[in-house]
Amino acid sequence: MKRRKIWSILALAALTGSLLAGCGEVKTEEQTKETKQEEKPAELLVAAAASLEYSYEEELLPMFEKENPNITVKGTYDSSGKLQTQIEEGIEADVFMSAATKQMNALTEQGLVEKDSVVDLLQNQIVLITAADSTLDLQNFEDITKANVIAIGDPESVPVGQYSKEVLTNLGIWDTVSAKASLGTNVTEVLKWVEEGSADAGIVYATDAATTDKVKVVAEAPKDSLAEPAIYPVGVVSASKHKDAAEKFVEFLQSEEALKVFESYGFQKNAE
């Protein structure tokens, strides 16, 4: 009788152990399922200043997607002012990167970009350009007044236009230049007008001038002509449906490898 009792106890123990092990397997499967759900494919829309298009499309987006195969990133590029308006009107963007702090500050104040996510990432230089084959004798920024047609970004909505107006105002020549100015809707348009010769001179970012051999840089804006450098902040849009992926992208842009790409296109890391 004692032997039967012992065997019964052993059998019950083995059965209990088997059931517990089975439960453990079920739990593991559930955890795996949850992990797979967390890694669901996400598609991000990044609203970025026009001057970022080359660095984003040629290198940064493919680099990020390679490191994060479950995330696809698409970019939409225009003047920061236009992108600000689009975000205010409800465009389903996940990340915003501006060519000036003005537009970013306006969106954070409205709660449309998460303030704690914003990083002042890059700096750019403001430069005076002419066509590469121009015979116009320009030596410094003040010489821009010698041009008959001058291309600048619209100061009302285009950051490079706002910087241009500030520089020219501080140099005491804004009124003279504005009388000859053609106002572009973004920096890419300003660059194009100078390239094709429809404007004698123009003011763009150094990074844009570096994308083509059809223009030449005459001069950089004098250091004391701008109260602050041209800063590029980036942050997560509050209405993003893919916050984790958006935060991961913003973090990626701050990485050493991403900053090296930006620097190869003429940007500088912003000094904190």
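Start by selecting strand E8, residues 201-205. Five of its five residues are buried, so the strand is largely enclosed by the rest of the structure. The model is a predicted one, and every stop on this tour refers to that model.

Keep E8 selected and add strand E5, residues 126-131. E5 and E8 run antiparallel and are joined by four bridges. To see how they line up, pick Val127, which stands opposite Val204 in E8.

Next, add strand E6, residues 150-153. E6 runs parallel to E8, with two bridges between them. Here the residue to pick is Ala151, and opposite it in E8 stands Gly202.

Now go to the loop between E5 and E6 and select Lys146. Lys146 counts as partly exposed because its relative accessibility is 44%. Leaving aside residues up to four places away in sequence, Lys146 touches Leu136, Asp137, Leu138 and Lys180. For Asp137, show the backbone oxygen: it lies 3.2 Å from a polar atom of the Lys146 side chain. Then find Val177, 31 residues from Lys146 in sequence; the C-alpha atoms of the two are 9.4 Å apart.

For the last stop, select helix H2 (residues 53-67) and helix H10 (residues 256-264). Their axes are 10 Å apart and the helices pack at an angle of about 170°, which means that H2 is roughly antiparallel to H10. On the H2 side, show Ser55, Tyr56, Glu59, Leu60, Met63 and Glu67; they meet Glu257, Ala258, Val261, Phe262 and Ser264 in H10. Coloured by type, the residues of this contact divide into six nonpolar, two polar and three charged.

Key
Residues numbered from 1 in each chain as written. Predicted model: local features only at pLDDT ≥ 70, side-chain atom pairs only at ≥ 80, totals over all residues. Heavy atoms only, no water. Buried < 20%, exposed > 50% of the residue type's maximum accessible area, 1.4 Å probe, protein only. Contact = heavy atoms within 4.5 Å. Polar contact = N/O pair within 3.5 Å; in protein donor to acceptor, adjacent residues only side chain to side chain. Axes fitted to C-alpha atoms, helices over the stretch in contact; angles between N-to-C directions. Parallel < 35°, antiparallel > 145°, perpendicular 65-115°, else oblique. Nonpolar A, V, L, I, M, F, W, Y, C, P; charged D, E, K, R; others polar. Pairing = 2+ DSSP bridges.
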